[in-house]
Amino acid sequence: MGVVGLREQKKLATRQALAWAALRLAVQRGLDNVHVEDIAAAAGVSPRTYNNYFASKQEAICSITVDRAELIGDALLARPAGEPLVEALAAAMLTFYQPPAELDREWVAATQLVMRSPALRGEALKAVEATERRLAQAIAQRCGLDVERDLYPLVVAAVVSGAARAGIHHWQQSGTTAEFGDVLASAIRMGLGGIGGERA
């Protein structure tokens with residue numbers, strides 16, 4: 001990997017460290033009690049460095065979703081060409097959508113509470129739109145379609161996004177003993193079960 005690649009990798013790592021620090025602090029203290037200086041210190045950087053990446057703590061927290069969408073899109077495009085789209089999407093989502101191993105249901109519940117905060121509503125909506133857009137672009141590329149003209153990639157991306165949210169909610173609320181990844185994959189397959197080869 002060249003110098004530019006290493007530099008970009010380091011920038012991405014810093015961005016992700018800041019985003020996760022912001023989320024963890026918001027879960028622990030409440031969003032209103034988290035300040036830029038706190039997030040920067042938790043990530044081991046200066047407040048000035050933080051401001052180079054994000055304009056607000058809301059943007060930092062919601063960037064986790066946006067960055068994950070980019071990785072999922074790349075993972076989808078890397079799947080075998082002959083693999084059914086449903087399975088390719090489930091595998092791509094599982095690659096980057098599973099929470100870190102130390103996270104449990106209580107953490108997921110607290111995270112969801114933070115993400116539903118009125119103060120995050122605007123950024124969260126932008127993050128969902130960006131997520132579905134990136135996924136739709138990857139689906140269109142894989143299927144040989146045009147995301148600007150064809151409806152199919154947009155519908156599939158929206159279904160996958162909604163199925164993922166439903167899977168997370170079910171895993172957190174239902175008391176199931178199933179692994180998170182199995183629930184997520186099942187939700188995606190269930191959501192896409194009615195979407196066949198018809199494309200508009």
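In the predicted model, Leu-151 is placed in the loop that runs between helix 7 (121-143) and helix 8 (152-173). With a relative accessibility of 47%, Leu-151 counts as partly exposed, and together with Leu-154 and Val-155 this residue makes a nonpolar surface patch of about 230 Å².

Salt bridges were sought across the whole structure, and 10 were found. Among them, Glu-70 pairs with Arg-134 at a distance of 3.4 Å between the closest N and O atoms; since Glu-70 belongs to helix 4 (residues 57-78) and Arg-134 to helix 7, this contact ties together parts that are 64 residues apart in sequence. Arg-134 also forms a salt bridge with Asp-74, the closest N and O atoms here being 2.9 Å apart, and this pair likewise connects helix 4 to helix 7, across 60 residues of sequence. Glu-70, Asp-74 and Arg-134 are thus linked in a network of salt bridges, in which Arg-134 is buried at 13% relative accessibility, whereas Glu-70, at 40%, and Asp-74, at 41%, are partly exposed. A further salt bridge joins the side chains of Arg-29 and Asp-38 (3.2 Å, N to O); Arg-29 is partly exposed at 40% relative accessibility, as is Asp-38 at 22%.

The search for aromatic pairs in the whole structure returned two. The ring centres of Tyr-50 and Phe-54 lie 6.0 Å apart with their planes at 50 degrees, so this pair is classed as tilted, and both Tyr-50 and Phe-54 are buried. Trp-171 and Phe-180 form an edge-to-face pair, with 5.1 Å from centre to centre and 85 degrees between the planes; Trp-171 is buried at 8% relative accessible area, and Phe-180 is buried at 9%.

Methods. Residues are numbered from 1 along each chain as its sequence is written. This is a predicted model: local features need pLDDT of at least 70, side-chain atom pairs count only at pLDDT 80 or more; totals for chains, interfaces and linings use all residues. Side-chain values use heavy atoms; hydrogens and water are left out. Rings of Phe, Tyr and Trp (its six-membered ring) pair if their centres lie within 6.5 Å; planes under 30 degrees apart count as stacked, over 60 as edge-to-face and the rest as tilted. Buried means under 20% relative accessible area, exposed over 50%, partly exposed in between (1.4 Å probe, protein chains only). Patches are made of residues with over 30% relative accessible area and no salt bridge: like charges are joined within 9 Å, nonpolar side chains (Val, Leu, Ile, Met, Phe, Trp, Tyr) within 5 Å. Accessible areas come from the Shrake-Rupley method with a 1.4 Å probe; for residues, only the protein chains shown count as cover. A salt bridge is a side-chain nitrogen of Lys or Arg within 4 Å of a carboxyl oxygen of Asp or Glu. Helices (H or I, at least four residues) and strands (E, at least two) are DSSP runs, numbered from the N terminus.
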